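I opened this model to look up its pockets, its cavities and its sheet. My entries follow.

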Amino acid sequence: MKRQLPPQEMFPAGEDGYRVRALQLPDDFSVRIVQRGDEKNPPVILLHGWGCSAFAFHKNISAIADAGFHVIAPDLKGHGLSYKPADSSNYNTAAMVRHVGLIADTLGLKRFAVGGHSMGAALALRFAIANPRRTTALALLAPVGTSGLPFAALARLISPRASLPVWRMLNTRWMTHIFLRLAYGKLGNPTAREVEEYWAPSQFPEFTTAVRNLLHEFNWGPIYVGGLDAHNIPILVLSGSRDHLCRKKTREHLKKSLRTDPVVVEGAGHLVISETPDRVNAAIVRLLRQSR
């Protein structure tokens, strides 16, 4: 049986230009962050989705940093190589929004751009709603949890706490490959490295508990945006046309509530950030330059 990547080999191991740091937060949680770009440059925090890690942005971080920005991609609590608290209350919506704020506070960031992929997009939006004066720009990439989560009731039904040992056994390399293949559209396929990186965190038993608790505790929407437009925050909504989680309903909800026209990449799936990175990176950089 093939072994999983050990922590010392996980992204961005072996790649030049990245800085990795274990950040000790005031609540005593240790969070791993991946950084790139001059710390004097305008900051942007990128939030990964459910069950992922900073690796989700492996095709985006360097391009955004090279465009003149300080990019910070944390492994959110419960994920990657960050601390994985067992108490389910750590994963409710208010706790997750506070978590983003604590990361920024500990880094000394007063104002910054925030972007997210999938669930990370919903978290970024909720953070911006709660902290509009701290948010310089907002990027919602393949957002999930802004207009409700498809099959949320079923997912919660089949994942009671007692089922955790079963889900740990099912979290195999083969299953990871299947889910990644479903997340791609017509424009690409998951690489062997992607399969290894997305599978790697499951070597920690606490990971399965954390993602299960997040599924049950996080408010997956819909999000009703009130007054955010009054702060004139530049906003990007981008998704693939073949994204089965970010559907037309989600795009229409965000268009109406955020008063912005979503960008749809024809043929791309849920992992649009990996499938068409050049187009995604260019859109993010254009957005960030509006906030300068």
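**Largest pocket**

I started with the largest pocket, which 41 residues line; Trp50, Gly51, Ala155, Phe179 and Leu245 lie nearest its centre. The model is predicted: local features need pLDDT of at least 70, side-chain atom pairs count only at pLDDT 80 or more, and totals for chains, interfaces and linings use all residues. Residues are numbered from 1 along each chain as its sequence is written, and side-chain values use heavy atoms, with hydrogens and water left out.

I noted the terms. On a 1 Å grid over the protein atoms alone, a pocket is an open set with protein on both sides within 12 Å along at least five of seven lines; a cavity is a set of points where a 1.4 Å probe fits but cannot get out; lining residues have an atom within 4 Å of a point. A volume is the space filled by probe spheres set on the points, which are joined across faces, edges and corners.

The volume of the largest pocket is about 1,500 Å³. Which element gives the most to its lining? I found α6, with 6 residues. By class, I read 26 nonpolar, 11 polar and 4 charged residues in this lining. Ala, Val, Leu, Ile, Met, Phe, Trp, Tyr, Cys and Pro count as nonpolar, Asp, Glu, Lys and Arg as charged, and the others, Gly among them, as polar.

**α6 against α7**

Next I followed α6. Helices (H or I, at least four residues) and strands (E, at least two) are DSSP runs, numbered from the N terminus. α6 (residues 173-183) packs on α7 (residues 192-199) at an angle of about 115°, with axes 9 Å apart. Axes are lines fitted to C-alpha atoms, for helices over the stretch in contact, and angles run from 0 to 180 degrees between N-to-C directions. Contact means heavy atoms within 4.5 Å. On the α6 side I listed Arg173, Thr176, His177 and Leu180; the α7 residues they meet include Tyr198 and Trp199.

**Cavities**

I counted 2 cavities of 30 Å³ or more. The largest holds about 60 Å³ of space. Its lining includes Met10, Arg32, Asp75 and Glu197. The second largest holds about 30 Å³. Its lining has 8 nonpolar, 1 polar and no charged residues. β3, β5 and α11 (277-290) each supply at least two of them.

**Sheet**

I ended on an open sheet of 8 strands, ordered β1-β2-β4-β3-β5-β6-β7-β8, with mixed pairing. Strands pair if DSSP finds at least two bridges between them. β7 (residues 235-240) and β8 run parallel, joined by 3 bridges. Leu238 stands opposite Val263 in β8.
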